[in-house]
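I am opening a new notebook page for this structure and will write down what I looked up, in the order in which I looked. The entries go from the whole chain to a cavity and then to single residues.

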Amino acid sequence: MSEEFLESLREIERKWQRRWAEAGIFEADPDPTRPKFYLTVAYPYPNSPQHVGHGRTYGITDAYARYKRMRGYNVLLPMAFHYTGTPILAMAERIQDGEEELIRLFREVYGVPEDKIREFTDPLRLARYFHEEIKEGMRLMGYSIDWRREFTTIDPAYNRFIEWQFRRLASRGYLVKGRHPVGWCPRDDMAVGQHDTKGDVEPEIEEVTVIKFRLEDGTVFPVATFRPETVYGVTNLWVNPDVEYAVAQVGGERWVVSDRGLLKLGFQGFDAREVGRIGGAELVGRWAENPATGERVPVLPARFVDPDYGTGLVMSVPGHAPYDYLALRDLKRNPDPLRGLGIDPSILAGIEPISIIRVEGYSELPARDAVESRGIEDQSDPEAEEATKEVYRAEYHSGVMRENVGRYAGLPVSEAKEEVRRDLEAAGKAFRFYEVANRPVYCRCGAEVVVKVVEDQWFIDYSNPGWKEDARRLLSRMRILPEALRGEFQDVIEWVREKACARSRGLGTRLPMDPRWVIESLSDSTIYMAYYTISHRLRRLGVDPDRLGDYFFDYVMLGEGDPASVAERLGIPEGEVRAMREEFLYWYPLDSRHSGRDLVWNHLTFFVFNHAAVFPEELWPRQIVVNGSVLMEGQKMSKTLGNIIPIRDAVREFGADPIRVTIMGAADLMSDADFKRDVARSTLGRLERLLRMARRYGGEAIPPDPSSLGMWDRWMLSTLQRRIAEATEAMESCETRRALLAAFYNLGRDVSKYLQAVDEEAESTRRVMATVMDAWIRLLAPFAPHVAEEAWSSMGRDGFVSLAPWPEEDENLIDERAEKMVEVIDRLVEDARTVMRTVGERRGRRPERLRVYVAAGWKYDLFRVMEEAAERSGRMDPPTLIRAAAEAGLVAGRDREVSGIARTYAKAGGWTWLENRDEEIRALEEGRAYISGALGVEVAVATEEEPGSDPEGRAARALPGRPALYLE
């Protein structure tokens with residue numbers, strides 16, 4: 001890495017950031033004479049600085065904005081800050097509690113001064129600090145943001161906007177209050193979602209059935225199961241002998257449950273209180289009655305039983321559950337765990353798996369089949385999990401209940417599951433229970449999240465059938481990039497149900513119909529894109545937020561009401577009210593929404609729903625762009641691994657443009673990008689060379705007359721057009737990696753090859769390079785804007801390259817003949833390198849001269865005939881080619897030679913060749929200096945008929961487009 005250039009780059013970046021701001025070139029106002037393009041990216045949480053990983057989503061969005069600006073669009077890219085929810089509050093509380101690990105992170109990784117950290121016990125001081133830190137990082141990265149429109153989600157005017165949104169949802173019946181299971185923090189005593197948890201993990205709630213077995217004394221032994229229909233196949237119950245269980249009074253019954261199970265029962269509406277304790281070991285050997293069959297089954301020990309899951313008790317169905325089959329088999333083979341608890345192993349006598357489900361492709365005991373087919377030795381084998389999934393899938397989708405299950409006989413398993421559950425519940429023998437499927441999930445306060453059945457919780461009712469249909473219709477009209485993710489959006493629309501939308505604590509907007517609640521962060525961030533269109537005007541006018549009633553937003557956003565009346569109530573000129581309505585209609589609908597893939601399953605889909613609910617169809621958003629995350633040197637970024645690099649530090653180490661190019665060029669949209677330091681350093685070197693070339697070849701870009709240019713000049717200009725087309729096509733789909741591959745890496749190699757092949761000081765070279773650099777710098781402007789501006793300026797161009805037109809492909813400069821000529825040369829160099837390695841190894845020294853033999857003229861006639869025959873018949877096989885050659889009179893006296901050529905050509909599927917032999921000779925002569933430089937040997941060009949020196953008879957092997965080679 002050039003430290004000198006890195007320091008220079010820092011100065012270049014600061015200079016152009018200052019000039020952009022002074023000129024206000026990213027401040028976008030309505031302009032009816034130009035097409036508009038409005039895009040937004042997720043506003044950040046100001047509870048820590050942004051790091052290199054954030055540079056992907058924001059960098060792609062900015063590059064797309066810059067590209068659209070250069071395509072002639074009036075582009076708006078605004079930014080705000082999401083203070084809503086508990087993340088900021090929880091972090092301030094952790095600082096107040098003196099959490100050393102967090103304080104160390106702030107001090108050593110984020111570089112926060114000690115005196116500032118002490119202020120972070122105030123949530124707003126913490127938020128404002130990182131708000132400015134993030135904003136400065138975005139400026140350092142060169143994002144083309146209109147900062148006039150900045151706001152936070154705790155600004156009073158924004159609160160009025162969200163209140164309006166929620167009253168609109170309520171008016172359509174989409175806001176409901178009722179009983180529903182939600183993720184819950186037992187410490188903060190509130191509902192939690194993705195943005196309230198450590199690691200931003202959404203608590204996934206799953207429903208299970210708890211079946212009430214009864215011990216001999218009537219004590220309830222409640223077991224949780226996903227498969228209530230398998231209760232007819234229970235052979236025993238499992239309990240963890242090392243766990244002490246609670247004896248609880250639940251209603252009028254005594255239950256045995258784990259401590260965690262008792263806690264969860266309380267949160268799910270049960271009047272449960274502990275009245276005693278009992279060791280798991282004391283339960284082993286007791287008998288319980290199966291509520292479905294009336295049969296007695298023993299309680300057996302199993303240390304795999306997790307006391308934190310469900311109720312901490314499990315039923316065993318070894319005929320249809322591989323883990324149960326293995327556990328019972330293991331216990332029979334080694335009953336020492338029973339003996340150690342003073343239980344006679346004879347209790348196992350007669351316990352055999354029971355078959356209750358018939359499924360095609362399996363014996364009576366599918367669990368045994370799955371275990372034995374995989375050769376699973378014991379419960380610790382990872383294959384046991386796969387066996388479990390296999391059996392469950394097969395039985396659920398194609399299994400049928402056997403005759404030994406009473407009235408459920410003959411029912412498909414999928415139906416029996418629901419009917420058995422319903423009947424057991426109706427008889428008071430079972431109940432529904434909720435569990436966090438992806439546990440453990442932790443609230444930001446540190447407590448493990450549980451499920452609570454909330455009685456008076458407010459929900460956004462995403463299960464509403466009519467609303468789902470509107471969301472489907474909106475999605476069907478949208479462009480999704482990458483398109484492969486459309487199915488994920490469709491899935492979310494189908495399964496999403498009621499979403500808890502308010503919390504009892506946190507920052508944000510009070511729920512207008514119940515101010516005790518604060519609207520949570522995934523619910524106040526769905527239509528804020530509309531607020532950007534007027535935020536700067538409200539600030540400039542100094543409108544009193546308390547006067548911003550629904551009447552104002554009804555008019556500005558929906559055109560409902562009278563502007564004169566709105567103006568009078570607000571105390572501002574009517575013209576200003578009309579201007580806000582006009583500006584909103586100018587920018588809306590939103591043209592592109594950008595975010596990370598992790599938000600498909602919540603925010604982005606909620607964005608679709610809420611736009612469908614609030615706005616008329618003509619204002620529905622047009623596109624969503626989703627990208628994967630960022631790894632650091634192949635590893636996930638995490639505080640634990642210590643591999644998080646804050647943006648400010650990264651810019652200091654690599655420069656903004658190298659970071660932008662490295663991240664955006666690292667992976668396709670849907671894939672995770674891997675940030676590598678050595679790639680960033682290499683990119684810095686490439687940008688330095690680019691800037692040097694711009695200063696060297698910065699003349700006026702006058703398109704040269706192709707007829708006056710040589711092969712290499714024509715090839716360079718033609719290749720440039722190809723790269724422009726490739727980059728343009730890629731950017732239209734926001735594929736930054738493909739665009740950079742064309743415009744930065746491949747074009748860079750093209751230019752290097754061109755300059756190796758020509759006289760760098762020749763007038764024709766300077767003219768061609770001036771044209772190349774003029775287009776190249778513009779191609780790179782969206783990705784490396786600071787270096788591009790510096791190069792543009794050093795080339796003597798007026799204005800900002802950020803506002804220059806995107807280069808257009810010039811079809812007049814496309815020269816397929818020159819491209820073919822260079823392709824022949826490239827293949828020759830590749831073939832020669834292969835031969836040189838072989839010859840060098842054999843002779844022990846490097847060759848000094850390469851003789852190149854061009855094929856005899858009749859072979860060009862043969863190739864022409866073969867190519868026409870293959871095209872005409874649609875077949876590329878030796879008989880077809882030989883037959884065509886014979887019909888053209890090219891075989892006589894050359895049978896074996898023509899046959900060999902036809903086989904070689906057919907096997908390769910053909911290759912690029914020049915129909916005019918003289919043209920191939922000319923190409924090789926013009927390319928001789930390049931070939932010599934690339935291979936490090938002298939090069940001589942001859943023909944098959946007049947080979948000159950040909951001691952090994954190689955010339956006869958020459959073919960059109962594949963000259964024969966001899967190394968001396």
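**Entry 1: the chain as a whole**

What does the accessible surface of the chain come to, and what percentage of it belongs to carbon and sulfur atoms? I noted first that the model is a predicted one, and then I looked up the surface, which comes to about 38,900 Å², with 46% of it belonging to carbon and sulfur atoms.

For the dimensions I took the C-alpha atoms along the principal axes, and they fill a box of roughly 110 × 85 × 55 Å. The chain has 968 residues, and buried ones make up 58% of them. In secondary structure I found 34 helices and 29 strands. I then turned to contacts with a sequence separation of 6 or more, and 76% of these join residues that are 24 or more positions apart. For the charges I compared the mean position of the 133 positive ones with that of the 161 negative ones, and the two means are 1 Å apart.

**Entry 2: the largest cavity**

I searched the whole structure for cavities of 30 Å³ or more and found 4 of them. The largest has a volume of about 60 Å³. Which elements each supply at least two residues of its lining? They are helix 8 (259-267), strand 16 (430-436) and strand 17 (450-461), and the largest share, 3 residues, comes from strand 16. Among the lining residues I listed R260, K264 and D308, and also Y434, R439 and V450.

I followed Y434 further, since this lining residue has its place in strand 16. Y434 counts as buried because its relative accessibility is 17%, and the cut-off for that class is under 20%. Leaving out residues up to four places away in sequence, I found that Y434 touches P181, I205, E206, E207, Q268, V451 and V453. I also took the C-alpha distance from Y434 to V450, which is 8.9 Å for a sequence separation of 16 residues.

**Entry 3: two cis peptide bonds**

Most peptide bonds are trans, and I therefore wrote down the cis cases that I came across. The bond from R439 to P440 is cis, with omega near 0°, and P440 sits in the loop between strand 16 and strand 17. R439 is also one of the residues that line the largest cavity. The bond from Y588 to P589 is likewise cis, with omega near 10°, and here the proline lies in the loop between helix 20 (574-587) and strand 22.

**Entry 4: two positive phi values**

Most residues other than glycine have a negative phi. I looked up D189, where phi is near 55°, and C734, where phi is near 60°; both values are positive in residues other than glycine. D189 is in the loop between strand 3 (175-185) and strand 4 (190-191), while C734 is in the loop between helix 25 (711-732) and helix 26 (736-757).

Are these residues buried or partly exposed? D189 is partly exposed, because its relative accessible area is 41%, whereas C734 counts as buried at 0% relative accessibility.

**Entry 5: V600 and L631**

V600 has its place in the loop between strand 22 (592-596) and helix 21 (603-614). Despite lying in a loop, V600 counts as buried, because its relative accessibility is 0%. Which residues does V600 touch, not counting those up to four places away in sequence? I found E488, F489, V492, T605 and V626. As a distance check I took E163, which is 437 residues from V600 in sequence and 25 Å from V600 in space, C-alpha to C-alpha.

L631 belongs to strand 24 (residues 630-632), and with a relative accessible area of 22% I entered L631 as partly exposed, since buried would need a value under 20%. With residues up to four places away again left out, L631 touches K636, M637, D672, A673, D674 and F675. How many residues apart in sequence are L631 and G53? The separation is 578 residues, and the C-alpha atoms of L631 and G53 are 7.3 Å apart in space.

Terms used: Residues numbered from 1 in each chain as written. Predicted model: local features only at pLDDT ≥ 70, side-chain atom pairs only at ≥ 80, totals over all residues. Heavy atoms only, no water. Helix = DSSP H or I, 4+ residues; strand = E, 2+ residues; numbered from the N terminus. Buried < 20%, exposed > 50% of the residue type's maximum accessible area, 1.4 Å probe, protein only. Contact = heavy atoms within 4.5 Å. Areas by Shrake-Rupley, 256 points an atom, 1.4 Å probe, with all protein chains shown as cover. Lys, Arg positive; Asp, Glu negative; His and termini not counted. Charge placed at Lys NZ, Arg CZ, Asp CG, Glu CD. 1 Å grid on protein atoms, 1.4 Å probe; cavity = no way out; pocket = protein on both sides within 12 Å on 5 of 7 lines; lining within 4 Å. Points joined across faces, edges and corners; volume = space filled by probe spheres on them.
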